[in-house]
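Reader: I am new to this structure. Please pick a single part and take me through it closely. Which residues does it meet, and what is buried or exposed there?

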Amino acid sequence: MTVDPSLRAPASSAPPALAAFRGSILHFQDDPGRAPFERAAHEYLPDGLLVTADGKVSALGEAAALADRLPPGTPITDYSGKLIVPGF
């Protein structure tokens, strides 16, 4: 099947739209029912930062470590005191 080139979305050279969300973060690295006992299936960050690029998670970690690495002007929505559970 051939696609008419005029129907394709133009290639974008614009940088991805970044957004960051700060709060308590609980994320799962494995299925809790299947994870080996020696390794936790989850990670809890009391003061975490979730960074998205074009709506997809691009970084996750401690806010103190990630905030300084964000490009200037990146919006950070503060959900301190709230729980963020990526993927739900």
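Author: What follows is a close look at one strand, β2, and then at what surrounds it.

Start with the setting. The model is a predicted one. The protein has four strands and one helix. Along the sequence the order is β-β-β-α-β. It has 88 residues, and 24% of them are buried. Contacts with a separation of 6 or more can be split by distance along the chain. Residues 24 or more positions apart account for 54% of those contacts.

Now the strand itself. β2 covers residues 42–53. Its partner β3 runs antiparallel to β2, and the two pair over six bridges. One of these bridges joins Leu 50 to Leu 60 in β3.

Where does the chain pass from β2 to β3? The hairpin has two residues between the strands. Asp 54 sits in this loop, ahead of β3 (56–62). Its backbone stands out. Asp 54 is not a glycine, yet its phi is positive, about 55 degrees. Is Asp 54 buried or exposed? The cut-off for exposed is over 50%. Asp 54 has a relative accessibility of 54%, so it counts as exposed.

Go back into the strand, to Gly 48. This residue is in β2. Its relative accessible area is 0%, so Gly 48 is buried. Its contacts reach several parts of the chain. Beyond its sequence neighbours up to four places away, Gly 48 touches Phe 21, Arg 22, Gly 23 and Ile 25. Gly 61, Glu 62 and Ala 63 are also among the residues it touches. Leu 26 is 22 residues from Gly 48 in sequence. Their C-alpha atoms are 8.9 Å apart.

Next to Gly 48 in sequence is Asp 47. What does its side chain meet? It forms a salt bridge with Arg 22, at 2.7 Å from N to O. A search of the whole structure finds one salt bridge. Asp 47 is in β2 and Arg 22 is in β1, so the pair ties together parts 25 residues apart in sequence. Both ends are partly exposed. Asp 47 has a relative accessibility of 30%, and Arg 22 has 29%.

Glu 43 gives β2 another link. Its side chain makes a polar contact with the side chain of His 27, at 2.8 Å. His 27 is in strand β1. Buried means under 20%. His 27 has a relative accessible area of 15%, so it is buried. Leaving out residues up to four places away, His 27 touches Ala 41, His 42, Glu 43, Leu 60 and Pro 86.

Then there is the nonpolar side of the story. In soluble globular proteins, nonpolar side chains tend to be buried together. Here the largest nonpolar core has six residues: Ala 20, Leu 49, Val 51, Ala 63, Leu 66 and Leu 70. β2 and the helix α1 (63–66) each give at least two residues to this core. Val 51 has a wide set of neighbours beyond four places in sequence. They include Leu 18, Ala 19, Ala 20 and Leu 70. Lys 56, Val 57, Ser 58 and Ala 59 are touched by Val 51 too.

Finally, follow β1 outward, since several contacts of β2 lead there. Phe 21, touched by Gly 48, has a ring partner of its own. The search of the whole structure finds one aromatic pair. Phe 21 and Tyr 79 make that pair, and it is stacked, with 6.5 Å between centres and 20 degrees between planes. The pair links β1 (residues 18–28) to β4 (residues 76–84), across 58 residues. Phe 21 is partly exposed at 23%, and Tyr 79 is partly exposed at 38%.

The segment after β4 comes back toward the same topic. Val 85 lies in that segment. Its C-alpha is 5.2 Å from that of Leu 26, though the two are 59 residues apart along the chain. Val 85 is partly exposed, with a relative accessibility of 24%.

In short, β2 pairs with β3, is joined to β1 through Asp 47 and Arg 22, and supplies at least two residues to the core.

How values were computed
Residues are numbered from 1 along each chain as its sequence is written. This is a predicted model: local features need pLDDT of at least 70, side-chain atom pairs count only at pLDDT 80 or more; totals for chains, interfaces and linings use all residues. Side-chain values use heavy atoms; hydrogens and water are left out. A nonpolar core is a set of buried Ala, Val, Leu, Ile, Met, Phe, Trp, Tyr and Cys residues joined through side-chain atoms within 4.5 Å. Buried means under 20% relative accessible area, exposed over 50%, partly exposed in between (1.4 Å probe, protein chains only). Contact means heavy atoms within 4.5 Å. Rings of Phe, Tyr and Trp (its six-membered ring) pair if their centres lie within 6.5 Å; planes under 30 degrees apart count as stacked, over 60 as edge-to-face and the rest as tilted. A salt bridge is a side-chain nitrogen of Lys or Arg within 4 Å of a carboxyl oxygen of Asp or Glu. A polar contact is a pair of N or O atoms within 3.5 Å; within protein, one must be able to donate a hydrogen and the other to accept it, and residues adjacent in sequence count only if both atoms are side-chain atoms. Two strands pair if DSSP finds at least two bridges between them.
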